[in-house]
Amino acid sequence: MYISKSFIPILKNNPSEAQIKSHQLMLRVGMIKQSSAGIYSWLPLGFKIMKKIEQIVREEQNRIGAQEILMPTIQSSEIWKESGRYEDYGEEMLRIKDRQDREMLYGPTNEELVTDIFRSSVKSYKSLPQLLYHIQWKFRDEIRPRFGIMRCREFYMKDAYSFDVNDEEAFFSYNKFFLSYLKTFKRLDLKAIPMAADTGPIGGNLSHEFIILAETGESKIYTDKRIFDVISDGTKLEKKSLKDLRKKYEQFYSVTDEKFDKKEFEGKVTESNRLITKGIEVGHIFYFGDKYSKPMGGSVDLPEGKKDFVKMGSYGIGVSRLVGAIIEAKYDSKNEVMKWPISVAPYDISIIPMINKNETSALDKSNKINLELEKNNIEALIDDTDENLSSKIKKMNLIGAPYQIIIGKQTEGNLLEFKEIGEETQKKSLEEIIKIIKERKANN
Ligand code: 5CA
């Protein structure tokens with residue numbers, strides 16, 4: 001793709017309205033555009049990254065046997081009245097009326113709707129467990145939307161729901177999501193730590209937030225540093241292996257604000273291991289038993305001829321928030337260099353030719369290189385403008401494709417000036433470059 005033909009409206013300077021670096025960068029490189037308070041349009045660069053994140057989230061859901069569905073954004077108030085949450089949810093719920101004067105709402109979450117789908121189709125314990133998920137826009141009328149897409153009103157969420165015959169099976173489902181979240185965030189090159197958390201308006205008494213450390217995060221956390229060294233590799237999708245994984249994490253005190261108990265923290269964690277800091281909540285999982293299935297009549301036939309309400313959990317990932325979270329983790333705002341993990345990078349590589357008005361050989365060379373890259377499924381962004389080299393590099397550093405090829409006066413013979421963003425320039429042949437990038441992509 002030529003930069004001159006792309007829709008990447010870059011600003012010269014940081015926008016003054018943005019307080020945190022993810023918001024600054026997203027506006028600066030035109031990833032998003034605010035349409036009203038807490039509501040954004042996603043422009044090509046931002047949209048591309050979000051879709052790649054979504055795909056990784058999807059693959060890891062499928063891997064644990066969850067099945068994808070798509071529920072609507074607009075819901076009827078009826079089911080929320082059945083669960084008792086229509087009143088409880090309060091002002092964060094955007095309530096609307098249709099032309100027949102029926103009370104509708106823009107879904108902030110989907111426990112009711114998915115329970116309604118479940119109860120009308122599944123009748124026997126033999127069909128359990130069921131793990132259903134969708135990736136859909138949500139609306140929460142946040143009182144103070146801020147930090148761009150980090151805390152906005154309309155956001156893109158993956159929400160999954162599990163249905164099981166009893167607590168033991170339900171915890172097995174919960175733990176599958178626990179593992180799947182660790183894997184998902186790892187593929188996004190993020191270190192997300194599960195922390196015991198409050199359940200808020202979703203309900204239940206078992207819950208973990210997945211937090212990545214960031215000074216600009218809104219979650220205050222109290223943790224034992226040793227939790228960062230826990231390794232989940234090798235965990236199998238089996239009850240015992242998953243239980244052991246949870247234990248490995250839960251042996252270390254690690255909680256969010258609402259669960260904090262000073263005495264417990266100081267009793268369980270030696271001073272040198274204590275860490276009190278801030279983080280971004282990128283995922284949140286809940287177990288709430290029959291909180292929805294009971295009032296809504298979601299029951300199944302049991303083997304002994306009895307009936308029981310199914311035990312449920314729900315599991316959210318902030319897909320759109322993750323775009324900002326990755327920037328918070330990876331953007332060097334001092335040097336204005338963004339490096340996207342290759343798994344979600346909008347382009348794999350940028351090609352930066354030095355172009356003089358009457359001389360197109362560097363651009364011709366770029367085109368040839370691009371053809372070879374395309375054959376190898378490597379996507380490049382080519383700066384075909386006649387700006388000077390340093391402003392081109394600056395621009396590409398902000399866009400953040402993880403690799404760069406610079407085609408300048410020194411480019412002769414087979415060797416190209418190649419660099420991984422933020423690292424030293426090296427001389428490499430195109431074949432070598434292709435090999436490096438392909439290997440890197442294959443490892444994701
Ligand atoms: N039904 C449950 C689990 S599916 C649920 O709604 N959980 S949640 O409220 O914790 O939201 C899930 C994830 O969505 C959060 O971890 C967060 O990453 C993201 N999220 C929540 N509110 C916002 C918001 N206002 N802006 C951006 N992302 C948000």
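Author: Start with the term pocket. On a 1 Å grid over the protein atoms alone, a pocket is an open set of points where a 1.4 Å probe fits, with protein on both sides within 12 Å along at least five of seven lines. Lining residues have an atom within 4 Å of a point. Grid points are joined across faces, edges and corners, and a volume is the space filled by probe spheres set on the points.

This is a predicted model: local features need pLDDT of at least 70, side-chain atom pairs count only at pLDDT 80 or more, and totals for chains, interfaces and linings use all residues. Residues are numbered from 1 along each chain as its sequence is written, and side-chain values use heavy atoms, without hydrogens and water.

Reader: What volume does the second largest pocket have?

Author: About 380 Å³. Its lining has 15 residues, and I10, K12, E387, S391 and K395 lie nearest the centre. Helix α12 (residues 389-399) gives the most to this lining, with five residues. Helices here are DSSP runs of H or I with at least four residues; strands are runs of E with at least two; both are numbered from the N terminus.

Reader: How much space lies in the largest pocket?

Author: About 960 Å³. The largest pocket is lined by 43 residues, with R140, R151, E281, H284 and R321 closest to its centre. Strand β13 (274-289) supplies at least two lining residues, as do β8 (154-164), β11 (219-224) and β16 (311-318). β13 gives the most, with seven.

Reader: How many residues of each class are in the lining of the largest pocket?

Author: First the classes. Ala, Val, Leu, Ile, Met, Phe, Trp, Tyr, Cys and Pro count as nonpolar; Asp, Glu, Lys and Arg as charged; the others, Gly among them, as polar. The largest pocket's lining has 16 nonpolar, 13 polar and 14 charged residues.

Reader: Which residues come nearest the ligand?

Author: A residue is near a molecule if one of its heavy atoms lies within 4 Å of it. There are 22 residues around the ligand; T109, E111, R140, C152 and E281 come nearest.

Reader: Where do polar atoms of T109 and the ligand meet?

Author: A polar contact is a pair of N or O atoms within 3.5 Å. A polar side-chain atom of T109 lies 2.7 Å from a nitrogen atom of the ligand. For E281, a polar side-chain atom is 2.5 Å from a ligand oxygen atom. M150 uses its backbone: an N or O atom there lies 3.4 Å from a nitrogen atom of the ligand.

Notes:
A polar contact is a pair of N or O atoms within 3.5 Å; within protein, one must be able to donate a hydrogen and the other to accept it, and residues adjacent in sequence count only if both atoms are side-chain atoms.
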